[in-house]
Structure formats: C-alpha cells, structure tokens
Amino acid sequence: MNALERWRRELAGWAIPDEILAAAPESPWGFPPELFRSRAERTPAEPSATTRVALEALGTGGDVLDVGVGGGATSLPLAAVATRITGVDESAEMLAEFLASAREAGVQARTVEGRWPDAGLDAPTAKVVVCGHVLYNAGELEPFVRALDAHARRRVVVEITSTHPLVGMGDLWRRFHGLERPAGPSADLAVEAVGELGIEVRREDEARAPRSGGFERRDDAIAFIRRRLCLPADRDGELAGALGGRLVERDGLWAAGPLEHPIVTMWWDRRAT
C-alpha cells in the first residue's frame, strides 16, 4: 500500500461511530471563531519556521494565498512584506475574522469562501501559498496538494503537527466512550505521500510552545473539548478532572493541550513550467 492510500485509510479511522454522533447534543465539528481570533491576534516573539520559510520566498514583496486561513494566524505574520493576502476558508465567520485582523495589520486582503480544492477555481495564484494545520482534514491528499502547487508561482509552505492533533485525546475517548482512537496519520507519512506525487519536499521540525490561542473563560475551553467528545454539558465537571494538568491558562487564555507541540514545516518550490 502506498503512502497516499495509507494516509486516506488512517484519516478515515477517525470517523466517529454513528451511535455516538446520534446521541451527541451538539455537532463535534468546527471551531469557534474566538479560538482563531486569539491565535491571529497574538504574534509569537520569535518567527516560526513556517514564517521564516515563507518570508524567504517572498523576498521584498509579493502576494500570498492562505488555504484554510481561519483567523489568519499563518499568513498575517507575513503582512509587513506581503502586498496582498487572499484567505480561503469554508467558514464565512472565519473569513470575517481574517478580514478584520488584516485591516488591523494594514495589509490588503480578500477572501474566497469554499472548501479546498474546489475553492481553488475562484482563488488567484500567488507568489507564496501557505496552509496551516489543514492537511489532517484532507483525506484525498493528492488533489488537495496538487491544487496548492498549481496556485503557487514560487513556493508552497505547509505547517502541521507531527501527529494528528486529536491523538492526545485518546484516553478521554476510552474513558467516556470505551472507544479506541487511531494513532496516525503523521507528518512523516504526509511528507512521504507528497513525495509520491513527484514533489521534492523539504522539512523543518521544531518543538515550540503552542501558538497563543484559547478562550478567555476556563468553562469555554472545557466546553470545546466536551463538544469534540460528543458529551452533554452535565459532564463538564468530570471532564475537567479527566483533563487534569492539560487544562491550563497561558497568556490570559485557557486551553487544553500539551505544553509543547512538535511542529513540522514542509515546503517545496514550484518548478518552472
């Protein structure tokens, strides 16, 4: 089995059983805009590898396409150099947050609403294409990646966690549902799969504190994890206990997760055609 097929199968393993979904009081999917807004508003003290690699390709200026833009956390650190940033997202709320943050950053911006790669039909090409923490949502990796490549005139820069971001919730699924969750896919498999497409991928790994992002209220951070687990609100107290030290306040914002994330930046340059 090649890497592309393994990626597809391992991602499919994250499907939530129908009986758990049917009993869920709220949809477990999606993200509240507050989470992405806080990430975009707080620029790290030191530029990430993703920012450095993208800036290297931008040089003295150029346009940027951000696929899965959210609030703009991946592309807005490029605002001082970018001539324009186009954000693609399937959420109108997220796009509104991105535009507001772009105005504050003083960079020209536009948006395309839709799911990648279909949204690529309405998206412009750009000198640099960035895509932060979206790849684990792309079961069909080949059309997703080929559309990224086709829209880049100079470079594609992709950032993902070293393992699937929900792996750390495995103990919670066992505790509340008696359900075993997958351990993959991983960034290693992503690099291998993209390489199967004939793309020469470079990568840089870094262990860093999570990008500042979270909720002003502790209860909202718990509620976010509770929705992910398809639980009712009356389990919040039990869930808080199960989260233990993972539920922390950083920079005035509450979140549940590891103190440090292994992050992988993978990139490739567009070949002349």
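Biologist: Which residue in β5 stands opposite Val129?

Modeller: Strands here are DSSP E runs of at least two residues, and helices are H or I runs of at least four, both numbered from the N terminus. β4 (residues 126-132) and β5 (residues 152-161) pair in the parallel sense over 6 bridges, where pairing takes at least two DSSP bridges between two strands. Opposite Val129 in β5, you'll find Val156.

Biologist: What kind of model is this?

Modeller: Residues are numbered from 1 along each chain as its sequence is written, and side-chain values use heavy atoms, with hydrogens and water left out. Local features need pLDDT of at least 70, side-chain atom pairs count only at pLDDT 80 or more, totals for chains, interfaces and linings use all residues, and the model itself is predicted.

Biologist: How many residues of β5 are buried?

Modeller: Buried means under 20% relative accessible area, exposed means over 50%, and partly exposed sits in between, using a 1.4 Å probe and protein chains only. By that yardstick β5 is mostly covered, and its buried count out of 10 residues is 8.

Biologist: And β2, which residue of β3 is the bridge partner of its Ile85?

Modeller: β2 (residues 82-89) has 6 of its 8 residues buried, so the rest of the structure largely encloses it. It runs parallel to β1 (residues 62-67), joined by 6 bridges, and Val67 stands opposite Val88 there. It's also parallel to β3 (residues 109-113), through 5 bridges. The β3 partner of Ile85 is Ala109.

Biologist: Is Thr74 buried or exposed?

Modeller: Thr74 sits in the loop between β1 and β2. Beyond its neighbours within four places in sequence, it's in contact with Thr50, Asp66, Val130 and Gly132, contact being heavy atoms within 4.5 Å. With a relative accessibility of 10%, Thr74 counts as buried.

Biologist: How far from Asp269 is the C-alpha atom of Ile199?

Modeller: Ile199 belongs to the loop between α8 and β6 (202-208), and at 11% relative accessible area it's buried. Leaving out neighbours within four places in sequence, it touches Val145, Val194 and Trp268. Asp269 is 70 residues away along the chain, yet the C-alpha separation is 8.8 Å.

Biologist: How many charged residues are in the contact of α1 with α8?

Modeller: The axes of α1 (residues 3-12) and α8 (residues 187-195) come within 8 Å and cross at roughly 140°; axes are lines fitted to C-alpha atoms, for helices over the stretch in contact, with angles running from 0 to 180 degrees between N-to-C directions. Ala3, Leu4, Arg6, Trp7 and Glu10 of α1 meet Leu189, Ala190, Glu192 and Ala193 of α8. For classes, Ala, Val, Leu, Ile, Met, Phe, Trp, Tyr, Cys and Pro are nonpolar, Asp, Glu, Lys and Arg are charged, and the others, Gly among them, are polar. The contact has 6 nonpolar residues, no polar ones, and a charged count of 3.

Biologist: How far apart are the axes of α7 and α10?

Modeller: The contact involves Leu172, Arg175 and Phe176 of α7 (residues 170-177), along with Glu238, Leu239, Ala242 and Leu243 of α10 (residues 236-243). Those residues divide into 5 nonpolar, no polar and 2 charged. The helices pack at about 140°, with an axis distance of 11 Å.
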